[in-house]
Amino acid sequence: MLPTLNGASNIYGSGMLSLGMSFSLEQLYIDNEAIGMIKYAQRGIEVNDETLAYDTIVDVGIGNDFLASPDTLAHLDNPSQAVVFDRRMRPEWDRDGCPDTVDLAHERVVEILNSHEVEPLSEYAVKRIDEIIEAAEKRMRGE
């Protein structure tokens with residue numbers, strides 16, 4: 001996270017295990033959620049008169065609950081919509097059978113593999129790929 005907050009634009013190693021000697025789709029999904037959170041933090045927090053909500057805090061008063069005010073709710077931004085990072089309290093997690101992060105990631109990977117539809121390549125892309133293959137074949141034949 002620290003290199004990203006300092007301006008790095010590339011996060012390396014998503015889905016890799018054993019120093020890149022193996023790869024896991026589940027680890028890729030877990031890493032993708034973490035990277036989403038990092039990118040959220042990288043954007044920073046906008047601070048201005050509206051987001052500070054000074055007037056709302058003054059109206060509600062010291063020691064009172066301003067978290068449920070319409071102004072606060074209007075500016076609430078959840079940093080992620082995590083699927084595998086379970087943020088529930090322990091009793092809820094226990095009640096649901098203590099789902100493991102990797103098991104949750106596996107369920108999501110299976111769902112994606114079973115439901116994802118790949119967009120077909122454009123005619124231009126297909127034509128260009130065919131041209132590249134044809135040129136490579138000519139070079140291999142010595143033409």
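Let me start with Leu19, which sits in the loop between β1 and β2, and please keep in mind throughout that what we are looking at is a predicted model. Leu19 has a positive phi of about 55°, although it is not a glycine, and with a relative accessibility of 88% it counts as exposed. Ser18 belongs to the loop as well, the one that runs between β1 (16-17) and β2 (22-23). For Ser18 phi is near 50°, again a positive value in a residue other than glycine, and this serine is exposed, its relative accessible area being 55%.

From that loop I would like to move to the helices. How do we describe two helices that pack together? In general, one gives the angle between their axes and the distance between the axes. For helix α2, residues 25-43, and helix α7, residues 101-115, the axes come within 8 Å and cross at roughly 100°. An angle from 65 to 115 degrees counts as roughly perpendicular, and α2 and α7 are therefore roughly perpendicular to each other.

Which residues make this contact? On the α2 side they are Leu25, Glu26, Tyr29 and Ile30, and they meet Thr101, Val102, Ala105, His106, Arg108, Val109, Ile112 and Leu113 of α7. If you sort the residues of this contact by character, you find eight nonpolar, two polar and two charged.

Some of these names return when we turn to the largest nonpolar core, which has six residues, namely Tyr29, Ile30, Val84, Leu104, Ala105 and Val109. The elements that give two or more residues to this core are α2 and α7, and the largest share, three residues, comes from α7.

Please find Val84 in the structure now, since it is a member of that core. Leaving aside its neighbours within four places in sequence, Val84 is in contact with Tyr29, Ile30, Glu33, Thr101, Leu104 and Ala105.

One of those partners, Thr101, deserves a moment of its own. Is Thr101 buried, exposed or partly exposed? At 30% relative accessibility, Thr101 counts as partly exposed, and it lies in helix α7. When residues up to four places away in sequence are not counted, Thr101 touches Ile30 and Val84. As for Val83, its C-alpha atom is separated by 8.9 Å from that of Thr101, although the two residues are 18 residues apart along the chain.

So, to look back over the route, we began in the loop between β1 and β2 with Leu19, went on to the crossing of α2 and α7 at roughly 100°, and ended with Thr101 in helix α7.

Note on methods. Residues numbered from 1 in each chain as written. Predicted model: local features only at pLDDT ≥ 70, side-chain atom pairs only at ≥ 80, totals over all residues. Heavy atoms only, no water. Axes fitted to C-alpha atoms, helices over the stretch in contact; angles between N-to-C directions. Helix = DSSP H or I, 4+ residues; strand = E, 2+ residues; numbered from the N terminus. Parallel < 35°, antiparallel > 145°, perpendicular 65-115°, else oblique. Contact = heavy atoms within 4.5 Å. Nonpolar A, V, L, I, M, F, W, Y, C, P; charged D, E, K, R; others polar. Buried < 20%, exposed > 50% of the residue type's maximum accessible area, 1.4 Å probe, protein only. Core = buried A, V, L, I, M, F, W, Y, C linked by side-chain atoms within 4.5 Å.
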